[in-house]
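Student: Before we begin, could we go through this structure step by step, with the reasoning set out in each reply?
Tutor: Certainly; put your questions in turn, and each reply will end on what you asked for.

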Amino acid sequence: MLRTFQEDGGLHHITLNGTAPGWLVTDYDLAARVLTDPRMRGECPGSTSLSMADFDALTDHQVMDEQQLFSLGADEHNQLRHILTRSLGPRRIARLTDRIQPIADSLLDTLPTGTAVDLGAAFARPYPVAALCALLGVPEEGRRRIHNLVFEGYPGMPAPDAAVNGPDRSVADYLADLIERRRLDPGDDLISDMCRDEGADVAHSAVLAAARLLIVVGPRPTAHLLTDGLALLLKERGHWEALAAEPELLETAVEELLRFVSPASFAFRYAREEVEIGGAVLPAGSRAYCSVAGANRDPGHFPDPDRFDPRRPAGQHVAFGLGFRHCLGAALVRAEVSTALATLVRRFPHMRPATPEELHAGSGEGVRAGRGLVVVLGPPR
């Protein structure tokens with residue numbers, strides 16, 4: 001379908017889900033222009049803008065609806081980006097890598113190697129939550145609470161554990177208490193850093209909003225990328241064997257996975273004023289739906305775009321968007337995925353998809369009901 005749109009031109013007027021008219025962008029160059037044009041903004045015109053205090057007052061489930069992020073006013077969004085940009089620099093992400101390696105190993109240490117295991121449920125989903133919690137400084141007892149919130153309703157997920165969450169205890173309440181503790185007794189973590197950087201009069205509201213924002217945008221894209229990326233690497237066996245034989249391919253392989261799998265579907269923009277894009281005039285207030293998968297598989301920008309090639313020279317894909325709303329967690333996702341893949345390929349070079357017989361004989365209903373990343377790890381190296 002995307003290829004048909006591209007062949008007919010990279011810009012089409014559509015109605016998304018039958019209710020939201022706008023312009024679908026499938027061409028890489030047009031998408032890059034829309035995403036970087038200062039006349040195209042991230043927040044929906046005419047909608048009620050959320051303040052930082054409004055964002056903090058949202059329930060956990062309201063915050064997890066990512067559309068709420070588009071209701072943040074431009075000033076509020078810029079303030080959050082400023083806080084997180086300062087805190088998610090390369091040096092902190094490099095230090096995080098040292099912390100998440102033991103997390104990856106400890107999760108894999110518990111898994112059987114000779115029978116079918118749902119690697120999505122056992123590793124791909126808990127791993128990015130644990131990594132983010134290590135970055136934020138969330139203690140062990142808080143990680144299950146955040147995992148339940150992030151993946152509630154996900155296929156194969158058990159019902160939330162009331163003993164963990166408590167009847168009246170929200171993640172927002174938990175984080176608010178943690179922020180106050182870190183302000184009084186700071187540690188070597190992101191929440192402590194943000195408390196130190198922000199003035200006392202705004203620290204609580206700003207830090208709470210920033211922490212909740214990371215929970216919204218952090219773990220699920222990484223889990224999706226690991227789940228679908230590993231399935232792809234294992235389906236075409238040569239890719240997995242190449243990574244095992246040539247670890248230096250890892251960096252380009254991660255970038256190719258980001259291009260090929262594209263964990264986000266769309267990047268939205270709204271015209272502040274009348275804008276001419278690709279020969280079409282978008283009136284003020286028009287919506288533009290930039291298809292991330294379309295741009296990342298544009299044959300005019302990527303040769304043979306529907307072929308996964310871990311040796312492809314790293315081009316500028318738009319998996320993390322472009323421009324002023326470029327994903328702030330890009331370095332974090334890259335670090336998590338690189339560490340996970342390097343650990344898996346080192347420890348389990350013979351990992352393979354489970355056969356139907358192995359799946360049927362696997363570890364109970366949890367394996368059979370899982371979301372499609374059922375594997376046999378094989379003997380550890």
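Student: Which are the buried residues of helix 8?
Tutor: The model is a predicted one, and a residue counts as buried when its relative accessible area is under 20%. Helix 8 covers residues 126-136, and 11 of its 11 residues are buried, so the rest of the structure largely encloses it. The residues asked for are therefore Pro126, Tyr127, Pro128, Val129, Ala130, Ala131, Leu132, Cys133, Ala134, Leu135 and Leu136.

Student: Which residue takes a positive phi just after helix 8?
Tutor: Helix 8 spans residues 126-136, and the position in question follows just after that helix, with a positive phi of about 90°. The residue there is Gly137.

Student: How many residues of helix 18 are buried?
Tutor: Helix 18, residues 330-347, reaches 26 Å from its first C-alpha to its last, which is close to the 26 Å expected at 1.5 Å a residue. This helix is described as mostly covered, and of its 18 residues the number buried is 13.

Student: In which sense do strand 1 and strand 2 pair, parallel or antiparallel?
Tutor: Strand 1 comprises residues 11-16 and strand 2 residues 20-25, and the hairpin they form has three residues between the strands, with Asn17 taking a positive phi near 55°. Within this pairing Ile14 stands opposite Gly22 in strand 2. Six bridges link the two strands, and their sense is antiparallel.

Student: Which residue of strand 8 stands opposite Val25?
Tutor: Strand 2, in which five of the six residues are buried, also pairs with strand 8, residues 287-291. Three bridges join these two strands, which run parallel. Opposite Val25, the residue in strand 8 is Cys290.

Student: Which strands are the edge strands of the open sheet with the order 4-10-9?
Tutor: This open sheet has three strands, with antiparallel pairing. Strand 4 and strand 10, the latter residues 374-376, are joined over two bridges, and Val117 stands opposite Val375 in strand 10. An edge strand here pairs on one side only, and the two that do so are strand 4 (117-118) and strand 9 (352-353).

Student: What percentage of the residues in the protein chain is buried?
Tutor: The protein chain holds 20 helices and 10 strands, and its accessible surface comes to about 16,600 Å², of which 54% belongs to carbon and sulfur atoms. Among its contacts with a separation of 6 or more, 73% are between residues 24 or more positions apart. Of the 381 residues in the chain, the buried share is 53%.

Terms used. Residues numbered from 1 in each chain as written. Predicted model: local features only at pLDDT ≥ 70, side-chain atom pairs only at ≥ 80, totals over all residues. Heavy atoms only, no water. Buried < 20%, exposed > 50% of the residue type's maximum accessible area, 1.4 Å probe, protein only. Helix = DSSP H or I, 4+ residues; strand = E, 2+ residues; numbered from the N terminus. Pairing = 2+ DSSP bridges. Expected span 1.5 Å × (residues − 1). Contact = heavy atoms within 4.5 Å. Areas by Shrake-Rupley, 256 points an atom, 1.4 Å probe, with all protein chains shown as cover.
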